[in-house]
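Student: I should like to learn how the features of a structural model are read. May we work through one example together?

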Amino acid sequence: MSISIEENLIHYIASSLPLFSKQSNSYRFQCPYCQFSGKDSKGKSLVPSTAKGYFYSIYNAWNYKCHKCGISQSFEKFIAAQYPLLHFEYVKMRDQLGIAGYQTNCPSLEKLLSKYGITNSNPPVFLISNNAKPTNDPKVTKLPSMRSPQQQAGHQSQINHLLKIKAQQKRDREQWW
Ligand SMILES: [Zn+2]
C-alpha cells in the first residue's frame, strides 16, 4: 500500500507541529487552535499525552479533530487554515490525481484559483509586465483582492528580470564610455 498525499504532507509539516507523535491509526499533536500557548489552564507545560489534536483517516479521507476545543474539519480545511501556502500545492496535487472537485473532500484547482480571482477570462494581472498591451476591456480595472503564491512568484520573477536588464544596460553604457 502506498502512502497517501496527506500522510506525506503530515510528515512534511510534523516538525512544525509541537508534541507530534505517531499513534497506531492517527497522528497526535498540540492543537494549533486551542493549545498554541503550549501550556494548560494552570500554566503547566503540555506533554505528548496532553496534546489533543489528531489527524485520522476514515475510508482514506483524512480529517482533523481536537478533543479539547472540539474543532473538527477535513484535512484540506486544516491545511487551508494553518498552512495557506502549502494548501495551494496540496489542492494542485489532488487535482492532478483526479481526486478533487465534485463529490470529494477537496476543491478543484480551478475553484481554488477562482476564489483568488483567477479565471480563464480573468488571467493574473501583474503590476510590471514586459509586454503590457492596451486593453479595450473596461471590466479589467482592479487587481485580484488576494495574490496566490504563484502570482507572487511570477511578479517577483518579472522584477528580477527587469533588474537584470537594468544591470546589463548599465554595464553596456560603462563599456561605451
Ligand atoms: Zn483544540
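Student: What do β3 and β4 form, and how many residues lie between them?

Tutor: The model is a predicted one. In it, β3 and β4 form a hairpin, with two residues between the strands. Within the turn, Tyr59 has a positive phi of about 50°.

Student: Where is Asn60, and what is the sign of its phi?

Tutor: Asn60 is located in the loop between β3 and β4. Its phi is positive, at about 70°, although Asn60 is not a glycine. Asn60 has a relative accessible area of 68% and is therefore classed as exposed, since that class begins over 50%. Leu19 also has a positive phi, about 60°, without being a glycine. Leu19 belongs to the loop between α1 (5-13) and β1, and it counts as partly exposed at 25% relative accessibility.

Student: How many bridges pair β3 with β4, and in which sense do the two strands run?

Tutor: Six bridges connect β3 (residues 53-58) with β4 (residues 61-66), and the sense is antiparallel. As one point of register, Tyr54 stands opposite Lys65 in β4. On the other pairing, β2 (residues 26-29) is joined to β3 by four bridges, again antiparallel. There Ser26 stands opposite Tyr56 in β3.

Student: In what order do the strands of the sheet stand, and is the sheet open or closed?

Tutor: The sheet is open and has five strands, in the order β1-β2-β3-β4-β5, with antiparallel pairing. At its edges stand β1 (21-22) and β5; each has a single partner strand, so one side of each is left without a neighbour in the sheet.

Student: How should one think about the side chains of a strand, and which residues does Tyr56 touch?

Tutor: As a general idea, side chains in a regular strand alternate between the two faces of the sheet. Turning to the case at hand, Tyr56 lies in strand β3 and is partly exposed, with a relative accessible area of 23%. Leaving aside residues up to four places away in sequence, Tyr56 touches Asn25, Ser26, Ala61, Trp62, Asn63, Tyr64 and Lys65. The C-alpha atoms of Tyr56 and Arg28 are separated by 8.9 Å, and these two residues are 28 residues apart along the chain.

Student: Which residues coordinate the zinc ion, and what is the geometry of the site?

Tutor: The general reference comes before the case. Four tetrahedral donors at a metal have ideal angles of 109.5 degrees. In this model, the zinc ion is coordinated at 2.3 Å by the SG atoms of Cys31, Cys34, Cys66 and Cys69. The angles among the four donor atoms are 103 to 118°, and the site is tetrahedral.

Student: How are the donor residues of the zinc ion spaced in sequence?

Tutor: Their spacing is C-x2-C-x31-C-x2-C. The pair Cys34 and Cys69 links distant parts of the chain, 35 residues apart: Cys34 is in the loop between β2 and β3, and Cys69 is in the loop between β4 and β5 (72-74). Cys34 is partly exposed, with a relative accessible area of 25%. Cys69 likewise counts as partly exposed, at 39% relative accessibility.

Student: How many aromatic pairs does a search of the whole structure find?

Tutor: The search finds 13 aromatic pairs. For the rings of Phe75 and Tyr90, the centres are 5.3 Å apart and the planes are at 70°, so the pair is edge-to-face. Phe75 lies in helix α2 (residues 75-82) and Tyr90 in helix α3 (residues 84-96), so the pair ties together parts that are 15 residues apart in sequence.

Student: Are Phe75 and Tyr90 buried or exposed?

Tutor: Phe75 has a relative accessible area of 1% and is buried, because that class covers values under 20%. Tyr90 counts as buried as well, at 1% relative accessibility. Both residues belong to one aromatic cluster, whose members are Phe20, Tyr27, Phe29, Tyr33, Phe55, Trp62, Tyr64, Phe75, Phe78 and Tyr90.

Student: Where in the protein is confidence lowest, and where is it highest?

Tutor: The mean pLDDT of the protein is 84, and 76% of its residues reach 70 or more. Confidence is lowest in helix α5 (residues 149-176), where the mean is 69, and highest in β2, at 98.

How values were computed: Residues are numbered from 1 along each chain as its sequence is written. This is a predicted model: local features need pLDDT of at least 70, side-chain atom pairs count only at pLDDT 80 or more; totals for chains, interfaces and linings use all residues. Side-chain values use heavy atoms; hydrogens and water are left out. Two strands pair if DSSP finds at least two bridges between them. Donors are N, O and S atoms within 2.8 Å of the metal (3.2 Å for Na, K and Ca); water is not among the atoms, so sites may look incomplete. Four donors count as tetrahedral if all angles lie between 85 and 135 degrees; four count as square planar and six as octahedral if opposite donors are over 155 degrees apart and all others between 65 and 115; anything else is irregular. Buried means under 20% relative accessible area, exposed over 50%, partly exposed in between (1.4 Å probe, protein chains only). pLDDT is the predictor's confidence in each residue, from 0 to 100. Rings of Phe, Tyr and Trp (its six-membered ring) pair if their centres lie within 6.5 Å; planes under 30 degrees apart count as stacked, over 60 as edge-to-face and the rest as tilted. Contact means heavy atoms within 4.5 Å.
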